[in-house]
Amino acid sequence: MNKLKSLLAKCSPTTQLFLPSRILGAKNVYLHDYVRIMPQSVIMASGGKFIMKKFSGASFNLTVVTSNHRPTVGIPNFFNNSLHINEVIKGDVIIEEDCWLGMNVSLLPGAHIGRGAIVGANTLVNREIPPYAVVVGNPNRIIATKFTRTEIIQHEKKLYSQDERLSEKQVDELFDKYYAGLKSIGTSELNEPDFTTYNDFLASSNINYHSIR
Ligand SMILES: CC(C)(COP(=O)(O)OP(=O)(O)OC[C@H]1O[C@@H](n2cnc3c(N)ncnc32)[C@H](O)[C@@H]1OP(=O)(O)O)[C@@H](O)C(=O)NCCC(=O)NCCS
């Protein structure tokens, strides 16, 4: 495990990368603080970069591919692919902060998952997903938001410094553009035992981050 982590372009001491998992193109993989990738995952990053930002987690069997082979006249498929001739790199595959990816999610070139988004089990992503969206299926569709408008603003205040936060105007624009009429699936309630567990964890770690109350 430590050997694999040491090969990555970036891997924080707080990153959890569970084995068995396979990573090709480790020098293109950036896993930030408090990122968690569960076992049976495969990351093929020999083309573009794969970047997963702080507080994000992916369940079992995450698949990431950061480039496509380009069929080339006169070159048989076997050599075209194995030698990575003429690869198409659309851009990096990026998971922004605080995202949750369910089981068996596949990310293809072009995937850019917005901050706080949730990607349902078995979903394929090959495009931009807006912040705080809940997306499912293949092709994926937005079925909900993670939080209400007010909850997103409260949540951002807890997690991010002022210069990192989405502005209220940006949150309004998200709701106007993508989320009109959709449910939100989160909550701002927390029972006492879980509140204690969470606070105890914060107190015993050196996370520079405030409790929710
Ligand atoms: C994305 C998710 C959180 C949404 O939960 P939810 O808000 O309770 O969603 P609902 O069950 O109300 O479903 C809403 C609609 O989306 C569909 N849907 C939900 N999850 C789906 C999925 N993963 N793939 C395809 N469709 C899905 C439902 O069928 C329903 O469709 P309909 O409105 O046409 O009937 C949940 O479905 C999910 O996929 N969770 C991931 C579980 C997991 O992998 N856990 C591993 C541990 S990390």
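This is a short walk through the sheets, the core, the ligand shell, one helix and a few backbone oddities of a predicted model.

Okay, let's start with the sheets. One of them is an open sheet of eight strands, and its order reads 2-5-8-11-14-17-18-19, with mixed pairing. At its edges you have strand 2, residues 16-17, and strand 19, residues 183-184, and each of those pairs on one side only. Come in from the strand 2 end, and strand 2 pairs with strand 5, residues 36-37, in the parallel sense over two bridges. If you want a spot to click on there, Gln16 sits opposite Arg36 of strand 5.

Now go over to the other end of that sheet. Strands 17 and 18 run antiparallel, and four bridges join them. Val134 is opposite Ala144 in strand 18, if you'd like a pair to look at. These two strands make a hairpin with four residues between them, and in the turn Gly137 has a positive phi of about 90°. Stay in that loop between strand 17 and strand 18 for a second, since Pro139 is in there too. The peptide bond joining Asn138 and Pro139 is cis, with omega about 0°. Then, moving on to the edge, strand 18 pairs with strand 19 in the parallel sense, over two bridges, and Thr145 faces Ser184 of strand 19.

There's another open sheet, with five strands in the order 3-6-9-12-15, and here the pairing is parallel. Strand 3, residues 22-24, and strand 15, residues 124-125, are the edges; each has a single partner strand, so one side of each has no neighbour in the sheet. At the strand 15 end, strand 12, residues 106-107, pairs with strand 15 in the parallel sense over two bridges. Ser106 is the residue opposite Leu124 of strand 15.

Right, the core. Which residues have the most contacts inside the largest nonpolar core? That core has 39 residues, and the ones to highlight are Phe50, Val64, Ile113, Ala117 and Val119. Among the elements that give it two or more residues are strand 7 (50-52), strand 9 (63-65), strand 14 (118-119) and strand 17 (133-136).

Let me zoom in on Ile113. Skipping neighbours within four places in sequence, Ile113 is in contact with Ile95, Glu96, Cys99, Val119, Val125 and Ile129. Pick Ile95 out of that list, which belongs to strand 10. Is Ile95 buried or exposed? It's buried: the cut-off is 20 or more other C-beta atoms within 10 Å, and Ile95 has 31. Again leaving out residues up to four places away in sequence, Ile95 touches Met52, Lys53, Ser56 and Ile113. And Ile129, from the Ile113 list, is 34 residues from Ile95 in sequence, with 9.6 Å between their C-alpha atoms.

On to the ligand. There are 14 residues around it, and the closest are Ser59, Gly102, Gly120, Ala121 and Val136. What's the mix of classes in that shell? Eight nonpolar, six polar and no charged residues. The hairpin strands come back here: strand 17 and strand 18 (141-145) each supply at least two residues of the shell.

Quick stop at helix 3, residues 149-159. The buried residues of helix 3 are Ile152, His155 and Glu156. They span an arc of only 100° around the axis, which puts them on the same side of the helix. That buried set packs against helix 4, residues 168-179. Flip to the face turned away from the buried side and you get exposed Thr150, Lys157 and Lys158.

Last bit: the backbone oddities. Besides the cis bond at Pro139, a cis peptide bond joins Leu19 and Pro20, also with omega about 0°. Pro20 is in the loop between strand 2 and strand 3. Then we have positive phi values in residues other than glycine. Gln40 has phi near 65°, and it's in the loop between strand 5 and strand 6 (42-44). Asn61 has phi near 70°, in the loop between strand 8 (57-58) and strand 9. As for burial, Gln40 counts as partly exposed, with 17 C-beta neighbours inside 10 Å, and Asn61 is partly exposed with 18.

Definitions and conventions
Residues are numbered from 1 along each chain as its sequence is written. This is a predicted model: local features need pLDDT of at least 70, side-chain atom pairs count only at pLDDT 80 or more; totals for chains, interfaces and linings use all residues. A nonpolar core is a set of buried Ala, Val, Leu, Ile, Met, Phe, Trp, Tyr and Cys residues joined through C-beta atoms within 7 Å. A residue is buried if 20 or more other C-beta atoms lie within 10 Å of its own, exposed if 12 or fewer, and partly exposed in between; C-beta atoms are placed from the backbone. Two residues are in contact if their C-beta atoms, placed from the backbone, lie within 7 Å. A residue is near a molecule or strand if its C-beta atom, placed from the backbone, lies within 6 Å of it. Ala, Val, Leu, Ile, Met, Phe, Trp, Tyr, Cys and Pro count as nonpolar, Asp, Glu, Lys and Arg as charged, and the others, Gly among them, as polar. Two strands pair if DSSP finds at least two bridges between them. The arc is that of the directions from the helix axis to the C-beta atoms.
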